[in-house]
Amino acid sequence: MCGFERGLILKLDTFDEERFDKILGIKGAASGVYRGLDYLLQAGYGKRLDGDNTRLAFSIVPTNLNIDDIEDVFVFAMQHDIFPSIGELEQAGVAVCEKRFGELDIGEKIKNLKLKMDKLWGGSYCRPMCPVILTGLHIDHLGNCTVDSETGLNCKWFMLKEAKMKEIATIRECSIDEIFEKVKKNKTDLFEKNFESINEYEKVEHLFGGCGGSPKNIIKLAKI
Ligand code: SF4
């Protein structure tokens, strides 16, 4: 579960307990997530605070394990004022280390899923952009500020692959304002140096997007 301002994100890939346990890799883990969801709904997280914002999102990753369950999760979310945040499977972590990407990847089935979600959503559905990529700071557990070594952006998970991060400053030696300045200068330099490869990212349009949103929109905004 991740937190963001006034809201929470809950990983919820399916309401089928057995399949969700398999996805989470721990027997009994799914029931804990479902219990957590009940508590959140009882606490009022299923209602909007104002006219615009939901306070709870589901992080949903379609794989061959849960492809038939996505519609149920999506509909449940919409009925409870929860944002259904569908992100594509990343070529990273266990999926790559344990060579499971091929077995989990839904391949061309994603096109049909997108059509179904657009219909339920009532328009073109896509994962929203994560503001941290352009406007935040990524500080690791040691207090170091890290950025993507190629683009200088705070995060590059939107490419659905593990980013190569590099340390650019530490909170032990720099103020937050100084870190923001360093990040900004580094990003400007890298966008100039690597403009050809970065321009290629601007052509990438995922159907749903990964963590962070669509590369095309992110790079377009980052250039401003
Ligand atoms: S895009 Fe990056 S910073 Fe944003 S939620 Fe995903 S991992 Fe975190």
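Of the 27 residues in the largest nonpolar core, which touch the most other members? They are Leu10, Leu12, Phe58 and Ile86. Welcome to this structure, which is a predicted model. Below is a short tour of its nonpolar cores, the residues around its ligand and its salt bridges.

**Nonpolar cores**

- The largest core is built from several elements: strand 2 (7–11), helix 2 (29–42), strand 3 (56–60), helix 3 (70–79), strand 4 (83–86) and helix 6 (109–121) each contribute at least two residues.
- Helix 2 gives the largest share of this core, with five residues.
- There is also a second, separate core of eleven residues, and among them are Ile133, Cys155, Phe191 and Ile219.
- As background, nonpolar side chains in soluble globular proteins tend to be buried together.

**Around the ligand**

- Seven names are worth finding in the viewer: Cys130, Val132, Ile133, Cys155, Trp157, Cys211 and Gly212 are the residues around the ligand.
- Sorted by class, this shell holds six nonpolar residues and one polar residue, with no charged ones.
- Ile133 and Cys155 appear in the ligand's surroundings, and both also belong to the second core.

**Salt bridges**

- The model has 13 salt bridges in the count, and a few of them are introduced here.
- Lys111 pairs with Glu108, and their closest N and O atoms are 2.7 Å apart.
- In that pair, Lys111 is partly exposed, at 47% relative accessible area, while Glu108 is exposed, at 58%.
- Asp148 and Lys156 form another salt bridge through their side chains, with an N to O distance of 3.6 Å.
- Are the partners in this pair buried or exposed? Asp148 is buried because its relative accessibility is 0%, under the 20% cut-off, and Lys156 is buried too, with a relative accessible area of 10%.
- Lys185 and Asp189 also meet in a salt bridge, at 2.7 Å from N to O.
- Where do Lys185 and Asp189 sit along the chain? They are four residues apart in helix 8 (residues 176–193), so about one helical turn separates them.
- Lys185 is exposed, with a relative accessible area of 53%, whereas Asp189 is partly exposed, at 38%.
- Finally, Asp16, Arg19 and Asp69 are joined into one network by salt bridges that share partners.

Terms used:
Residues numbered from 1 in each chain as written. Predicted model: local features only at pLDDT ≥ 70, side-chain atom pairs only at ≥ 80, totals over all residues. Heavy atoms only, no water. Near = heavy atom within 4 Å. Nonpolar A, V, L, I, M, F, W, Y, C, P; charged D, E, K, R; others polar. Core = buried A, V, L, I, M, F, W, Y, C linked by side-chain atoms within 4.5 Å. Buried < 20%, exposed > 50% of the residue type's maximum accessible area, 1.4 Å probe, protein only. Salt bridge = Lys/Arg side-chain N within 4 Å of Asp/Glu carboxyl O.
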